[in-house]
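Here is a set of exercises to work through with the structure open beside you. Try each task before you read its solution.

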Amino acid sequence: MYVPTPLTFLCPTATLTGMHFGIDFGTTRTVIAACDRGNYPVVTCEDPHGDSHDFIPSVVALEGDKLVCGWAAMELRGTPTFTRSFKRALTGRQVTAASPVALGPETRTIGEILDAFAEHIVAHLRRFQEELADSSPIEVTLGVPAHSHHAQRLLTMAAFSRTGITVTGLINEPSAAAFEYTHRHSRTLNSKRKSILVYDLGGGTFDASLVSIDGVGHTIVDTVGRARLGGDDLDEVLADLALTTLGRSADAFSSTARMRLVDEARTAKEAIVPQSRRIVLAVGDDDVTLPVSAFYEAATPLVQETLRAIEPLIGADSLRDTDIAGIYLVGGTTSLPLIAQTLRKKFGHRVHRSPLPSASTAVGLAIAADPDSDFALKDKVSRNIGVFREWDAGSEVTLDPLITPDSPRTATRIYRAAHNVGWFRYGEVGDDFSLITEVGVPFTPELAALTEDELRSVPVTRQESGPLVHEEVTIDDDGIVSIAIDVDELGLHLRR
């Protein structure tokens, strides 16, 4: 079983000196930007053939028993263990470091994969440093999807921290892209139009944030998102369209053959430009030619889903009567012309696509990581934190909301226990429920020495006057939740 080593996280407000980077760890691509005296260049990477790229593929594969990542893994494309989009495993509601991820016929835990990938990224940063004859500590700011839950944030931060670098903080990806917008397009903002809507469509997720901007100060007004909607889904649409056109939609495909077809679809999708009229795909030994218009028709429902998602942020059918200076398209999938075409048809000329859609977030993260940058961000919680409690001798369960997007980031409750044992199931509540942790707490002296596993066999009963319980739940600026339960009368002090 994979068991991560203990970690000590550095407070993001600490004073640090070193080489600073922003890392956009994406579902399909990982992009890095460096801080260089007020400039934020993208860090390039060479593949095994010596060709330079401005990203590292977020892919893994097994070479024997060894996990290989990035461009080295791309050399194993087509083999059974080659795996794209492993990051999607982090969106699972019950994900832990020990959650298994299928690599073809093999499995590895998501913790092992994240550790290997983080080591690969950091090794590249160290080589970058060596070329500059720089030996200072590496400090990074990581991007995460705005609606990523506690476990995804904690596992990501933990993997990069275990490499020996300093993770100075996590920033929601659309919030970081807003920094890049202001850095590049500050002239579009004025007293009447002082906010932007960041539309971030990546390989695996969709997020959008409404950001109010006052000079270099950025305040997140609201955020929406879809945890499993992105370019990967468009690739699946194109692959299925090709099979339907060939009359092979009912054929049985091995997982490897399906992966090759989706890989082919991804490559074809990324090659589409506004002038494209046809898409040619290889499906096994067959070639199929598809009109781009047919793909767009099949993909439009997914794009329309993003428009429905952002409706609450705009609050109107158009931007005309809002203070929104523009909708900023970022994320690699917005390179597909259909995205900008659809949004401009609805919102007109105030839709701007980043000139570097895949790198916008990384550049914004580098701006945030830069100790000399004056940019400031006031982000907000995007999900509700609550606890399920057992009542009436365990016969009823109720959900108590503790932290909401509009509440303080710390919730404190003091009460007397009404039962001999308390079971607290803390979770994040949005479109679904994601468990953060479950805590069992004894509330009588005779049970105080029992372990949590031993408590599970104890029937829950009511008591007249239980001990005083002090419960505190906090969500920090990185979106990571900490829980403290103190029962002073029994000498119990639980921390999660």
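## Exercise 1: An open sheet

In this predicted model, six strands build an open sheet with mixed pairing, in the order S19-S18-S13-S14-S15-S20.

**Task.** Find which strands are the edge strands of this sheet, and describe how S18 and S19 pair.

**Solution.**
- Step 1. An edge strand pairs on one side only, and this holds for S19 and for strand S20 (376-378).
- Step 2. Look at how neighbouring strands are turned against each other: the average is 30°, with direction ignored.
- Step 3. Now go to S18 and S19, where three bridges join the two strands in the parallel sense.
- Step 4. Pick out one residue: tyrosine 328 stands opposite histidine 352 in S19.

## Exercise 2: A helix and its cover

**Task.** List the buried residues of helix H8 (residues 337-347), and say what covers them.

**Solution.**
- Step 1. Going along H8, the buried residues are Pro337, Leu338, Ile339, Ala340, Thr342, Leu343 and Phe347.
- Step 2. Their cover includes helix H7 (292-314) and the strands S13 (195-201), S18 (324-330) and S19 (351-353). You met these three strands in the sheet of the previous exercise.
- Step 3. Just after the helix, check the backbone: glycine 348 follows H8 and has a positive phi, near 75°.

## Exercise 3: Strand S2 and its partners

**Task.** Work out how S2 pairs with strand S1 (residues 19-25) and with strand S5 (residues 56-57).

**Solution.**
- Step 1. Recall the general idea: strands of a sheet pair through backbone hydrogen bonds, either parallel or antiparallel.
- Step 2. S1 and S2 run antiparallel and are joined by five bridges. The connection between them is a hairpin through three residues.
- Step 3. For a bridge partner, start from glycine 22: its partner in S2 is alanine 33.
- Step 4. S2 also pairs with S5, again in the antiparallel sense, over two bridges. Here threonine 30 has isoleucine 56 in S5 as its bridge partner.
- Step 5. Finally, ask how covered strand S2 (residues 29-34) is: five of its six residues are buried.

## Exercise 4: Nonpolar cores

**Task.** Which residues have the most contacts inside the largest nonpolar core, and which helix gives the most to this core?

**Solution.**
- Step 1. The largest core has 61 residues, and those with the most contacts inside it are Phe21, Ile23, Ile32, Phe86, Leu114, Val140 and Phe160.
- Step 2. Helix H2 (residues 110-131) gives the most to this core, with eight residues.
- Step 3. Apart from this core lies another, of 46 residues, including Ala268, Leu281, Leu290 and Leu313.
- Step 4. Zoom in on isoleucine 23: leaving out residues up to four places away in sequence, its contacts include Ile32, Ile121, Leu125, Val140, Phe160 and Leu365.

## Exercise 5: Cysteines

**Task.** How many disulfides does a search of the whole structure find, and why is cysteine 45 not bonded to cysteine 69?

**Solution.**
- Step 1. The search finds zero disulfides.
- Step 2. The closest cysteine sulfur to that of cysteine 45 belongs to cysteine 69, but the two are 12 Å apart, so they are too far for a bond. The cut-off to compare with is 2.5 Å.
- Step 3. Is cysteine 45 buried or exposed? Cysteine 45 counts as buried because its relative accessibility is 7%, and the limit for buried is under 20%.
- Step 4. Use that limit again for cysteine 35: at 18% relative accessibility, cysteine 35 counts as buried too.

Methods. Residues are numbered from 1 along each chain as its sequence is written. This is a predicted model: local features need pLDDT of at least 70, side-chain atom pairs count only at pLDDT 80 or more; totals for chains, interfaces and linings use all residues. Side-chain values use heavy atoms; hydrogens and water are left out. Buried means under 20% relative accessible area, exposed over 50%, partly exposed in between (1.4 Å probe, protein chains only). A nonpolar core is a set of buried Ala, Val, Leu, Ile, Met, Phe, Trp, Tyr and Cys residues joined through side-chain atoms within 4.5 Å. Helices (H or I, at least four residues) and strands (E, at least two) are DSSP runs, numbered from the N terminus. Contact means heavy atoms within 4.5 Å. Two strands pair if DSSP finds at least two bridges between them. Axes are lines fitted to C-alpha atoms, for helices over the stretch in contact, and angles run from 0 to 180 degrees between N-to-C directions.
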